[in-house]
Every structure is written in C-alpha cells, then in structure tokens.
Amino acid sequence: MTTLTIDHVSRWFGNVVAVNDITMTIGPGVTGLLGPNGAGKSTLINMMGGFLAPSTGTVTLDGEPTWRNEDIYRHIGIVPEREAMYDFLTGREFVLANAELHGLGPKAADRALATVEMEYAQDRKISTYSKGMRQRVKMASALVHDPSLLLLDEPFNGMDPRQRMQLMDLLRRMGDEGRTVLFSSHILEEVEQLAAHIEVIVAGRHAASGDFRRIRRLMTDRPHRYLVRSSDDRALAAALIADPSTSGIEVDLAEGALRVQAVDFGRFTALLPKVAREHGIRLLTVSPSDESLESVFSYLVAA
Amino acid sequence: MYDPTVARLTYRGLLGRRRALILGVLPVLLIVISLAVRSFSGADDQVASDLLGGFALATMVPIIGVIAGTGAIGPEIDDGSVVYLLAKPLKRPTIIFTKLIVAIAVTMAFSAVPTFVAGMILNGNGQQIAVAYTVAALVASIAYAAMFLLLGTVTRHAVVFGLVYALVWEALFGSLVSGARTLSVQQWALAVGHKVTGGDIVTSDVSLPTATVLLVVVTVLATWYAGQRLRSLTLAGEE
C-alpha cells in the first residue's frame, strides 16, 4: 500500500500562483489528474516527485517527505513529459543505466523492456525512435526497480491511437497489481477511459475529486449555451421556451441569431430538431458557444 | 562517492562526435604550430616556453576546461534529462563528484597530453619546460573543471560565461592588471610549473604556497557548492 499525501500545498513563482492550497490523497489504483493546459498539473507532479519544493504545505509518500529525500526514489518511478533522454544511447543501454543507478543489473533492465514490449528495437539509438517508442522506453526506465508509485506527466501526448491503447492497458495492469499510478492529462476522454478516480485541477485550484461518472455528470449537467440561426427565430424561440429544458433565450438582433441557454443537455438536443420540424422552421446554424475545455473547467470550479 | 554509471553517461555525452571534434581542434592546432616552429627556427627554450605559456596554458587549457566542465552537466540540466539521474536513490554530491572526475580526466587528456607532446616537439624537454607546462596544465585542469562544472549548474549560458572568464579575465586582464593575476588559475598553475623547472624560464606572479592554497580552496568550494546547487535544482518551469 502506497499512499501519496498532498497536504495544503501551494506553490508560487514570483507573483504567479501555480498551485493554490491543494489537499488530496492518492491511493493504489489509477488516478487521473485532469486539467487544462497551464492549470498547474506539471507543477503539482514535480512536487509529488520531489523535484520542486512546495512554497507551503507538505507532500509525503507513506509519511516520508518527497522533497530533498533521495531514498524516496526506491519507491517512485517517474515518466517526465520532456523528451530529452540521452539520445546517444540505445534503448537498452538507457534502461540498463537506469537499472544500474538503482543498484540493479541487466535482468531488471530486460524485464522492464519486455514489459513495454520494446525488445525488438532495444539496440537502436534512442535518437531514431518515434514518439511512442520514446514514451515506452521512458516507461521501462521508470519500471526498472518495480516501484510502488508511478508518476506520469502527460504520457499520451503525441501518441497514435494504437500506442495509446497499449499504454493504457499497461497502466491499467499496473493499477490492478496494487500500484499507485497517477497520470496527468488535459483530455477528458483519456482520463475517463483509464482512471476510476479523477482529480481535477483548474487554475492551480483543486476543482473536483471523485469517480469519473460524477465528474462527467458535473460537466454535462451545467447550463449549455447555443447560438442558433433559423428561418424564423422568433417562432422557434417561442416553441423552445415552452419546454423546461430551456431556461432562457435572447434574440440577438446584431447577430441575427438566438442565444439559447439549456439546462438539460440531453433533452434539449433531442427537442431542438423536433420542434423545428413540427413548426416547419429550417435550422441554419446550431453551435455551442461555450464548449471550450476552459469553460467546462471553469464551470466545475464554480460548482 | 564515485558512480561508474554516472561516469559512463557523462563520458558518452562529453565525447559525442561533435563535442569531441571541438575538443580536438585546439590540441591539433597546438601540435601543428609546434611542428612548424620547430622546423623553421629549431629548438629554442624561450620560444618553447612562450608558445606553451601563451597558447597552451593561457588559451587552450581554459577553453578545454570550459567545454569539458560545463559540458559534463550543463546540457543535461538544459534539456531536462538530468531527471533520470536525480530520480534515483543517489546522493546529489555523488553525481557532482563523479562528473567532476570525468571533467578533470577529459580536460587533462585534451590539454595536458598535447601540451607535453608539443613541449617534446619544441625543445625535447630542455630545461624541463615540457614537463613543467604539462604539470601546470594538469593542475589547472583540476581547478578549471571544478569551476566550470559549478558554472554549468548555475547558468544556462555557462559556455559563454566560461569563455568570457577564460579569454577576458585570464588572458586580457591577466596581462594588463597585476591584481587580476593573483586571482588567476593560470598563474597558480604557473607557480607549480616554476617549481618543476627550478629556473626562471617559467615564472608566476603568485608564490607556490599561496597558489596551492587557492587551488585547493577554489576546487573544493566549487565542488561543494555545485553539489548544493544540484540538491536544490528544480525541474519545473515548463508551464
């Protein structure tokens, strides 16, 4: 059992607060750290991995601080986001060096390379690897000492769908084996597919925590805004507002369109085409006006 | 204190094709010049001393020191691959000490060895000149490697600062301002070289005891502080 405890952790760089008073506990199994780019995920992962001191608060692994504590790395495996990794070595030389730095030998290196299925290219220089191959070798270097905590910063970035599936399978297996696996991502679908437990970070703050269904519901149940253009805006508006799924409509004369606020996402999306057909109204434009990830997240923060 | 794996990674990084080429240019140039001088003007102790002191010790050794010292750690910190060393149960001073040993060895190999060869070509070690400058280069290699390794942990522009120190401070100020000479690795190394020859063909502005103390203090302090820098090195800043 390995538990990572983040207790009232903040981190600022000069005047910029990157992480703002976050408290969370990461236990065995796969946890997804979700948030838009620049939310403070990497800063948080760096503090978890002992590469950055918290400005206030503590990060501990089973009670031991991770900052300035080299012995903690016997239990942590880290897959950094950055690409650089001794490109002049072959994959096997790289993983073997990582094993040796842990006081282990070629056996551990070979086992790790087999786990990520990279034996076939292990004797090629890393500089010739594709993005996905690099990611797998990084993964092998993090697994070489059989760590109980695995930290991965945006591990799926730049991977093709097949590589993504392979890595997801691997991480799922690691979680099932009882390891504590934490990975960050800014893509909801990625996190949803893999992590049973999700922590959401927005603008340095801890926005939500829990299983993905709850978070998914929070995300879809918020009021949705649509911009709608049709052959008869006012008739459409009258018909839509009669239904409880619509909470407000504004006739935007400048845009020549309706601004519709829907409270029941599922019902509204079924209602709109039905109403239009019944009234013989042609829909010209239906576009969500706040579907950006940032607005989804900022809604979560307010919730 | 010394980790063979860290050493291997450092050697391979330092002696990669392009860097090894840069490291090799000045030694080759020194030997070519020595061959030319010897064939044109024959064996002359003063000319040998001028060339070894003016080019080998004053220019070549510090530049090789900059490339090897900063190159032993700077690029890894720069591109973030140092994380693979830091995320290990390894004492940070062990990493620094190992890299220092590698930087010293590379600086010595690319500066002291060619200095000796050039000295033998120039006057066949007459008046112990070849040996004296070789010893001076060996001594200077240690201090330069330590200083520039520290520089590599302090700034991303370590090579530029290192070259400014080597060329402006050591070469230019050193020859114009006498005070600067007391605080010059080159002069400390020359003090040791002077002791080897016993004569006045190799001279230094600094006495041997002062030079020895300063060499030891600078090397130890720089290494210690580089270890401290690595302990508090943070890897965030991409966001």
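This passage walks through a predicted model of two chains, A and B.

Chain A comes first. The domain assignment splits chain A into domain 1, covering 4-216, and domain 2, covering 221-289. The C-alpha centres of domain 1 of chain A and domain 2 of chain A sit 44 Å apart.

One helix pair in chain A is worth a look. The axes of α2(A) and helix α3 (residues 106-115) of chain A come within 8 Å, and they cross at roughly 125°. Angles of 65 to 115 degrees count as roughly perpendicular and those over 145 as roughly antiparallel, so α2(A) and α3(A) end up oblique to each other. The crossing in which α2(A) passes α3(A) is right-handed. On the α2(A) side, the residues that meet α3(A) are A:R92, A:V95, A:L96 and A:A99. Their partners in α3(A) are A:P106, A:A108, A:A109, A:A112 and A:L113. Sorted by class, this contact of α2(A) with α3(A) holds eight nonpolar residues, one charged residue and no polar ones.

Next comes the place where the chains touch. The contact draws 28 residues from chain A and 23 residues from chain B. On the chain A side, the elements giving two or more residues are α1 (41-48), β6 (76-79) and α2 (91-101) of chain A. Of these, α2(A) gives the most, with four residues. The side of chain A that touches chain B breaks down into 14 nonpolar, eight polar and six charged residues. So far, then, α2(A) has turned up twice: it packs against α3(A), and it also contributes to the side of chain A that touches chain B.

Now for chain B. An unreviewed UniProt entry lists "transmembrane region" for residues 20-40, 52-74, 95-117, 129-151, 158-180 and 206-226 of chain B. In the model, residues 20-40 of chain B are 100% helix and 0% strand, and the end C-alpha atoms of that span lie 31 Å apart. Residues 52-74 of chain B are 91% helix and 0% strand, with end C-alpha atoms 29 Å apart.

How do the helices of chain B pack? Take helix α2 (residues 17-41) of chain B, whose axis comes within 9 Å of that of α6(B), with a crossing of roughly 5°. That angle makes α2(B) roughly parallel to α6(B). From α2(B), the contact uses B:L23, B:P27, B:L30, B:I31, B:S34, B:L35, B:V37 and B:R38. From α6(B), it uses B:F110, B:P114, B:V117, B:A118, B:I121 and B:L122. By class, the contact of α2(B) with α6(B) has 12 nonpolar residues, one polar and one charged.

Helix α6 (residues 92-123) of chain B also packs against helix α11 (residues 208-231) of chain B, at an angle of about 130° and with axes 8 Å apart. α6(B) and α11(B) are therefore oblique to each other, and α6(B) passes α11(B) in a right-handed crossing. Here α6(B) offers B:R92, B:P93, B:I95, B:I96, B:F97 and B:L100, while α11(B) brings B:T223, B:A226, B:G227, B:L230 and B:R231. The contact of α6(B) with α11(B) is made up of seven nonpolar, two polar and two charged residues.

Note on methods:
Residues are numbered from 1 along each chain as its sequence is written. Chains are lettered from A and ligands numbered from 1 in the order in which they are written. This is a predicted model: local features need pLDDT of at least 70, side-chain atom pairs count only at pLDDT 80 or more; totals for chains, interfaces and linings use all residues. UniProt positions are given in the numbering used here, feature names are shortened, and annotations may be inferred rather than shown by experiment. Axes are lines fitted to C-alpha atoms, for helices over the stretch in contact, and angles run from 0 to 180 degrees between N-to-C directions. Angles under 35 degrees count as roughly parallel, over 145 as roughly antiparallel, 65 to 115 as roughly perpendicular and the rest as oblique. A crossing is left-handed if the near helix is turned anticlockwise from the far one by less than a right angle, and right-handed if clockwise. Two residues are in contact if their C-beta atoms, placed from the backbone, lie within 7 Å. Ala, Val, Leu, Ile, Met, Phe, Trp, Tyr, Cys and Pro count as nonpolar, Asp, Glu, Lys and Arg as charged, and the others, Gly among them, as polar. Domain bounds come from an automatic or database domain assignment.
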